[in-house]
4 protein chains.
Amino acid sequence: MSPQQLRIGVAGLGRMGKRHAMNFHAFTPRAHVVAASTPDETERKWAADNLEGVKIYADYDEMLEKEDLQAVVVASVTAAHAEQTLKAIEKGYHVLCEKPLSIDVQIAQSVVKAYTKSLQSHPSQKVMCGFSRRFDSSYREAHERMARGDHGKPVVFRSQTADLLDTSGFFVEYAKTSGGIFVDCSIHDIDLMLWFFGEDCKIKSLQAVGVTAVHHGLEASGDRDNAIATIEFYGGRIASLYCSRMMAAGQEDTTEIICERGSLRVNMQGRKNHFEIHDSLGVRRELPQHYYERFREAFVTEAQEFTASCLEDKPAPIPLQSSVTAVAIGQALQRSLVSGEKIFFDENGLKI
Amino acid sequence: MSPQQLRIGVAGLGRMGKRHAMNFHAFTPRAHVVAASTPDETERKWAADNLEGVKIYADYDEMLEKEDLQAVVVASVTAAHAEQTLKAIEKGYHVLCEKPLSIDVQIAQSVVKAYTKSLQSHPSQKVMCGFSRRFDSSYREAHERMARGDHGKPVVFRSQTADLLDTSGFFVEYAKTSGGIFVDCSIHDIDLMLWFFGEDCKIKSLQAVGVTAVHHGLEASGDRDNAIATIEFYGGRIASLYCSRMMAAGQEDTTEIICERGSLRVNMQGRKNHFEIHDSLGVRRELPQHYYERFREAFVTEAQEFTASCLEDKPAPIPLQSSVTAVAIGQALQRSLVSGEKIFFDENGLKI
Amino acid sequence: MSPQQLRIGVAGLGRMGKRHAMNFHAFTPRAHVVAASTPDETERKWAADNLEGVKIYADYDEMLEKEDLQAVVVASVTAAHAEQTLKAIEKGYHVLCEKPLSIDVQIAQSVVKAYTKSLQSHPSQKVMCGFSRRFDSSYREAHERMARGDHGKPVVFRSQTADLLDTSGFFVEYAKTSGGIFVDCSIHDIDLMLWFFGEDCKIKSLQAVGVTAVHHGLEASGDRDNAIATIEFYGGRIASLYCSRMMAAGQEDTTEIICERGSLRVNMQGRKNHFEIHDSLGVRRELPQHYYERFREAFVTEAQEFTASCLEDKPAPIPLQSSVTAVAIGQALQRSLVSGEKIFFDENGLKI
Amino acid sequence: MSPQQLRIGVAGLGRMGKRHAMNFHAFTPRAHVVAASTPDETERKWAADNLEGVKIYADYDEMLEKEDLQAVVVASVTAAHAEQTLKAIEKGYHVLCEKPLSIDVQIAQSVVKAYTKSLQSHPSQKVMCGFSRRFDSSYREAHERMARGDHGKPVVFRSQTADLLDTSGFFVEYAKTSGGIFVDCSIHDIDLMLWFFGEDCKIKSLQAVGVTAVHHGLEASGDRDNAIATIEFYGGRIASLYCSRMMAAGQEDTTEIICERGSLRVNMQGRKNHFEIHDSLGVRRELPQHYYERFREAFVTEAQEFTASCLEDKPAPIPLQSSVTAVAIGQALQRSLVSGEKIFFDENGLKI
């Protein structure tokens, strides 16, 4: 084990940026957050108060130029992900980029291309998109059990990402740039699907339907607040994804992998913690209220394992191409959601 | 309350016929099973041993002719359902017919037509198809809560019928006459969907995909062992149905009705009874092994309520047309399952 | 299987009497309720409306004298249990008596004595006290697993009977004749303890503590609304019992049998049915509201199995002496509850 | 918030010492582990590899003498707790001592006395015994709900600490110095009892029974592998504690606080994570295998909150006297466990 710490710069200190910065700064012993950048003054103020010893920049490029880094964590607004990642790749830095690389597949693919090229001169460089569920202990246990093969091959994959109802108008505003519910929410389920069915699984058909039940402004952005997708694979596998923006009790992200002789379930009995109350309403428990409450530990593990993979020159935990494929599938589903059309592919992945 | 008992004849004493016969004979105080018919000698032997005081016939027509009945319970093979029901309708008898009326929509619809006509001369006659889940206390509680409107309108309906894996070849043999997995299994979920979304809900599109993972002989009958359907309704509602013939732990029939401000769940934590075991494998419980183990009580309630509706001339618990619509939807899904095509309907229910 | 039906008279048509009468009348095909008796006019009116074909008496003795019965179900007030049972025993009838035989051990033991004597002239006579939990499928599964020995010997028995809070004053009134919370509630747990640890297990010590938290009138009857007992057995076994009259969510009767290599749990995740609701309060389910809602099916099984044991001359499902021992233990605990003293016994069951 | 870090020395690097050291070193941003001491060479080797920048001592006294510390974490063998804590108190340092202070009440009380005296010259000094469950989010939620008073006063407290069966002989060896199962395991439940019932609650009586079912060597140390305690309080409250060394499925620490109008439950449906498996054995989940797997997060929170209380001169999260009272209760229960006697106290806490 190398005693040395990985020198990291963090780009973006918004909601997710703050969390990533703290996870690397305070909870990843082998990482050293050297610098952070954000154009937002309030966020820089927060950094001054919370990231002791970390140099704060208003400009990402300036940070890259002035600091001697080994890795960059890109946690800025989605629109900046690809560009900031590309710049860090160019410098030969390792990159952990918040998901998605881009809501545009072509742009996302261009990052993979740049990384592939950069590997020639920097063979140890790691570039990874942060799909947090792959670091969650429950998903990992499910994956290990499947991989062990005790239950036969996986046949049906069912997964959902369902957010707590928020009536503030947030989702409507957010939909303008999110890429749509399949690119924003279901992208996690798609990533898991690729992980469980194999990165090389080939889609035969997909289609989606959806409704706008409570957030009526979503229609204007071609989005919906509830949607269901069906995906069919060559080789005899099917998947069903559900996404929602109106869960009444809390965040409910569930997954089932139904194999030939057993099935693996994650979070089918959601709970915030180990507390339960009995009163005149019956027996009740609470759910996590948002994604981070459910997956906080997974994000810390992600920070620690990304750091270890850089320091020890081990493969990054998630292949970069997979994260682009996930966006491509999300986009195709979003198109089907709006058009109603079922889309068929040949075995080379080309639309029929 | 009328002190008199309903005089009943039971047609068919196979697996379900025996259960219906016993439920009316032994557990429905207001019913009197007068006679039963079956062409099968072993079944008649069973009846002689178990249905004390009940006259046993080898021929259904002879039973109808000789016995003074008020109601007939049709529980014979599916292929005989429609014909036997029609004959009983003609005699002016009440009929409880096991689901489905027929796996052919035209035939099923002809029963409704005959019943409608018969009502002119027998205005108190009840004809009902036995969809047992509507008599299950958990589904009823879900329906009452939805109807009360506390949680807003239902938006998404998700439901599954999943049978225990049976490697004896039963499912392959059965598929030859079952009408397919959507007509045989999902028909229950479709019936619930009509109950929860309203008998008058109008389908906008539907499609299905499926695989044959373990029962390879199913392909020959145009069937699959796992299938997923998506259904879209006019007015902003969507549904997802899953059916399977390979559950490893037991029968797993679950339903979720996601409303605008709450969701109603049935059987999401399946269990056979209140027993749980802790040992070196962890904490475990068992599931019901088959449909009847899960819904036995509902079948008894069905017998009792059908009997009461006849004796007291109250509306039958389930409208007959609804059961034909369910078959029509099941058949359309089965077609989509095989063809891969997504089917669109206009608001009059015509294919586009 | 005998085609003949057991001719039964029911004594008492109060809350439990009505249930027993209906269970034998409507749901036990091999039983024929010939007659029923109750001094209460309203109850006789109920019987006239609900027990078709059953002869109704105001006087128990008259029923015994005039009817040709084979068995009597004693479901009258507790104070009459022993006397009515004794009279039926004298006539050579089978008896199913609601628990307890008596709240006085001497009286209860006198019934056993009379039964033992009667067996000399009526060797097929069955007399049994109705401890319903022994007929519950979950407890039976637990007992079978224990008996199979897979988990080693049972070491610790923990069990509770906990009633829904009732602020009407019922419990205070009831306590005047109930024999106290250990004789009335925990008697079920004590019966299970004897079943799981063996009818011949020998108590080494016992003690109890309790409080009166909400039903303050209980103190006047030497009773409490919450109590905890500890019982120690010769041979290395211990038990803990909890009883309560103030559960907020519903009836909560749970049992754990902790064996050397595994533990068996009944009802640790209580639920009324398979329905669950998700709303802004979280995820919740309801509990049964009273004992009968939880154990209704067990009472029906009890009726059926008692009937079968009489008709087929098989041993009664529960040995009568065990039911007297249960009362003796309940009374000793009730004494300890009031005095605070810990009571020690030698191996012959004598107080030290 | 103070930007400064608390300078900490850790005493002891055994099983718990390593965990505490890492929690302060890597996961408590406001703490700076300056030094650590252990007489064990293997542990010092571990420290050299894992505690980068931390000075390692073989001798505790030498560490105290040479290092400029502000706080000491005592995580050595139980026998050294009191002495090392006393030495740190003398230096005016803050102390977090692993539970228990001592298995001897007199010694434990002497630490409180020394601390009380030291406070005169060091009014900001914090000395706390680490009862980790008070930092667990589920217990905290239960406590908040109780404190809010929505459910009325707490009446019955039931709690258990139950370890996974370990057949290596560990428990027998450990029992020689552990103080017994009530002092070692139930001490946590006792601590919670004091927290939920109030630090000033007064015991009226207590008694315990136990058995040695699988670890027969325990008898020699006056210990048992399963034990049940009952505690009665002045003012109308009762408690039942269960402890075990032979759970087959894993660590099972559960607590119920039954209030007048509702009850609060922690961990009644134990689970290791959110994963569940369905196979031919049924539906199953795993439990944590040991105490730390269940409470790891609570230990990190403990480290962070102890650090914050020192830096910000806020009251320590747990009053020191309470931890001595817990040992006193544990010892009394252990005495009753061996003697079988029920012990009564007057309102001044004196034995009657």
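What turn and what shift lay chain B on chain C? A turn of 180 degrees does it, with a shift of 0.0 Å along the axis. The views below come from a predicted model.

**Figure 1. Chains B and C about their rotation axis.** Laid on chain C, chain B fits with an RMSD of 0.0 Å. The two copies are thus related as by a two-fold rotation axis. Phe27(B) marks the approach to that axis: of the residues of chain B, its C-alpha comes closest, at 2.5 Å.

**Figure 2. The surface through which the copies meet.** Take the interface residues of chain B: 100% of them are interface residues in chain C as well. The copies therefore meet through the same surface.

**Figure 3. Gln334(C) in helix α11 of chain C.** The helix covers residues 320–339. Gln334(C) has a relative accessibility of 9%, so it counts as buried, the cut-off being under 20%. Its side chain reaches the backbone nitrogen of Phe182(C) at 3.0 Å. Gln334(C) also touches Gly179(C), Gly180(C), Ile181(C) and Val183(C), among others. Two further contacts of Gln334(C) are Gly222(C) and Asp223(C). Residues up to four places away in sequence are not counted here.

**Figure 4. Helix α11 of chain A and the glycine that follows.** In chain A, α11 spans residues 320–339, with 20 residues. From first C-alpha to last, the helix reaches 29 Å. That is close to the 28 Å expected at 1.5 Å a residue. Gly340(A) follows α11(A). The phi of Gly340(A) is positive, near 80 degrees.

Definitions and conventions:
Residues are numbered from 1 along each chain as its sequence is written. Chains are lettered from A and ligands numbered from 1 in the order in which they are written. This is a predicted model: local features need pLDDT of at least 70, side-chain atom pairs count only at pLDDT 80 or more; totals for chains, interfaces and linings use all residues. Side-chain values use heavy atoms; hydrogens and water are left out. Helices (H or I, at least four residues) and strands (E, at least two) are DSSP runs, numbered from the N terminus. Buried means under 20% relative accessible area, exposed over 50%, partly exposed in between (1.4 Å probe, protein chains only). A polar contact is a pair of N or O atoms within 3.5 Å; within protein, one must be able to donate a hydrogen and the other to accept it, and residues adjacent in sequence count only if both atoms are side-chain atoms. Contact means heavy atoms within 4.5 Å. Copies are superposed by least squares on the C-alpha atoms of residues with pLDDT of at least 70 in both. The expected span of a helix is 1.5 Å times one less than its number of residues.
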